Amino acid sequence: ALDQGALADARRLVEVTAGAAATARERAWLPYLEGRLLARQGKADKARAVWDAATAAPTHPAHARQRYARVDLDLKLKKIDTRQAIAALQPLRDAWRGDAFEFQVLRRLGRLQIEAGDYALGLRNLNEAAHGFPALPEAAAIGREVAQTFERLAAGDLADKVPPLAAIALLDDFAALIPAGEPGRVLRRR
């Protein structure tokens, strides 16, 4: 309901969830959901306050999603820049493993790193998302995004955009994406 913008339905579902949450582990989800609802309603400051007051343990899935939602909101409102978002998401990448949320973090982190000019790390994170979660419908699109980004870098001035050792590592890591024939030879020479 939150993702679809059905805010009245989302409000009712959050209320039902609040009434049904019997354990502390279940109640830990409430600040995440309430904050997302407030953010969707345009109440960013209230959403941040709810997330800041949340007491979910760092190992709880709600904690990771709260942090991700906070970064997402702060980026949209230009409260943080790309580098700050990367710094905030990196701990999530290191701490959360094994489900569609990890895919979401890797995808966002990879795209932000590419935006910030860290092509090698960004492509690696996107590639890990695509290959680590092949069953997700978005994985194939991420694989194509990796190939297209690498292609744009290779067609452009890779040597100017990426430091020499990083360029060599990038070519080594993504050797399968190096164009065939003369374009590939030119890229390797450069």
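Accessible areas were obtained by the Shrake-Rupley method with a 1.4 Å probe. On this basis, the chain in the predicted model exposes about 10,600 Å², of which carbon and sulfur atoms supply 55%. Of its 190 residues, 39% count as buried.

The secondary structure of the chain comprises 12 helices and zero strands, so that the pattern read along the sequence is α-α-α-α-α-α-α-α-α-α-α-α. The C-alpha trace spans about 65 × 35 × 30 Å along its principal axes. Among contacts in the chain with a separation of 6 or more, 53% are accounted for by residues 24 or more positions apart.

With respect to charge, 29 positive and 24 negative side chains are present in the chain. The centres of these two sets lie 2 Å apart.

The largest pocket was examined next. About 390 Å³ of space lies within this pocket, and 15 residues form its lining. Those nearest the pocket centre are Arg-36, Arg-40, Ala-69, Asp-72 and Lys-76. Two or more lining residues are given by each of helix H3 (29-40), helix H5 (61-76) and helix H7 (100-115). Of the elements involved, H5 gives the most to the lining of the largest pocket, with six residues.

Methods
Residues are numbered from 1 along each chain as its sequence is written. This is a predicted model: local features need pLDDT of at least 70, side-chain atom pairs count only at pLDDT 80 or more; totals for chains, interfaces and linings use all residues. Side-chain values use heavy atoms; hydrogens and water are left out. Helices (H or I, at least four residues) and strands (E, at least two) are DSSP runs, numbered from the N terminus. Buried means under 20% relative accessible area, exposed over 50%, partly exposed in between (1.4 Å probe, protein chains only). Contact means heavy atoms within 4.5 Å. Lys and Arg count as positive and Asp and Glu as negative; His and the chain ends are not counted. The place of a charge is taken as NZ of Lys, CZ of Arg, CG of Asp or CD of Glu. On a 1 Å grid over the protein atoms alone, a cavity is a set of points where a 1.4 Å probe fits but cannot get out, and a pocket is an open set with protein on both sides within 12 Å along at least five of seven lines; lining residues have an atom within 4 Å of a point. Grid points are joined across faces, edges and corners, and a volume is the space filled by probe spheres set on the points.
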